[in-house]
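Biologist: I should like to examine a single part of this model closely. Please take one strand and describe its side chains, its partners and its setting in the chain.

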Amino acid sequence: MEDKPIRRAKPTPIPAVAQSAKEKTLPLRVNGKDYFHEGDPDMPLLWYLRDVLRLTGTKFGCGIGACGACTVLIEGKAQRACLTPVKAIVGQDVVTIEGLASAQLHPVQQAWIEEDVAQCGYCQAGQIMAAVDLLRRAPKPSDADIAKIGNLCRCGTYPRIRKAIARAADKLQEGKA
Ligand code: FES
Ligand code: FES
C-alpha cells in the first residue's frame with residue numbers, strides 16, 4: 001500500500017490583539033507575590049493597589065504627592081504611590097502595609113499600638129511605612145529627622161508618632177543585640 005503524505009495542520013497565528021496585549025503585560029511584585037498587569041502602564045500604583053489588588057490599606061489623600069497617605073515601600077524606600085506609574089516599578093519589590101508584618105507585627109507596628117498613635121487612622125498606614133524607611137536610614141532619628149518625613153495628619157497625632165518612632169528605634173536596636 002502506498003504511503004500517503006502526512007498533512008500537518010498549519011499553526012494558528014496568534015491574533016494581533018493578543019500579541020499587543022502580551023507586549024503590554026507588566027510583571028509586578030507586591031508583598032512578595034508576582035502579578036501581571038495588562039492594563040494601562042501609566043496607571044498610578046495607588047490605583048493598582050486599591051482597585052486591582054484590593055489592598056486598600058494604602059490610602060488616597062491628595063493625589064498630588066503632598067500628604068503621604070499613599071506611602072508604600074519600593075525597594076525599601078518610602079515612595080508616593082499616587083505619583084508612581086506601574087510601569088516604573090517593574091522588577092522592583094513593593095511592600096504595602098498589608099505586607100509589612102511577617103510571623104508577628106513589625107516593630108514599628110508594635111510601637112504604634114503601644115503608643116496608641118492612631119486617631120481616625122486615615123493617614124496611619126502611610127505614616128508607618130514612612131517610619132520604617134526612616135529607621136532603615138537613621139536607626140536613632142532625631143526630632144528633626146522625624147519632622148522631615150513630611151506625611152500629614154489632620155488629627156495632629158505628631159507627638160505620638162515621634163514617641164512611637166523612638167520606641168520602635170529601641171525595639172529594632174534590641175532586636176539586633
Ligand atoms: S495621596 Fe499620595 S501623597 Fe497624597
Ligand atoms: S490619625 Fe487622622 S489623619 Fe492622621
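Modeller: The protein chain has 6 helices and 5 strands (DSSP runs, numbered from the N terminus: helices are H or I of at least four residues, strands are E of at least two). This is a predicted model, in which local features need pLDDT of at least 70 and side-chain atom pairs count only at pLDDT 80 or more, while totals for chains, interfaces and linings use all residues. Residues are numbered from 1 along each chain as its sequence is written, and chains are lettered from A and ligands numbered from 1 in the order in which they are written.

Read along the sequence, the pattern is α-β-β-α-β-β-β-α-α-α-α. The strand chosen here is β1, residues 26–30, whose side chains alternate. Leu 26, Leu 28 and Val 30 point to one face and are buried (20 or more other C-beta atoms, placed from the backbone, within 10 Å of the residue's own; exposed means 12 or fewer, partly exposed in between). Pro 27 and Arg 29 point to the other face and are not buried.

β1 runs antiparallel to β2, joined by 5 bridges; strands pair if DSSP finds at least two bridges between them. Within this pairing, Leu 26 stands opposite His 37 of β2. The hairpin of β1 and β2 has 2 residues between the strands, and Asn 31 takes a positive phi near 50 degrees there.

Strand β5 (residues 93–95) runs parallel to β1, with 2 bridges joining them, and Val 30 stands opposite Val 94 in β5.
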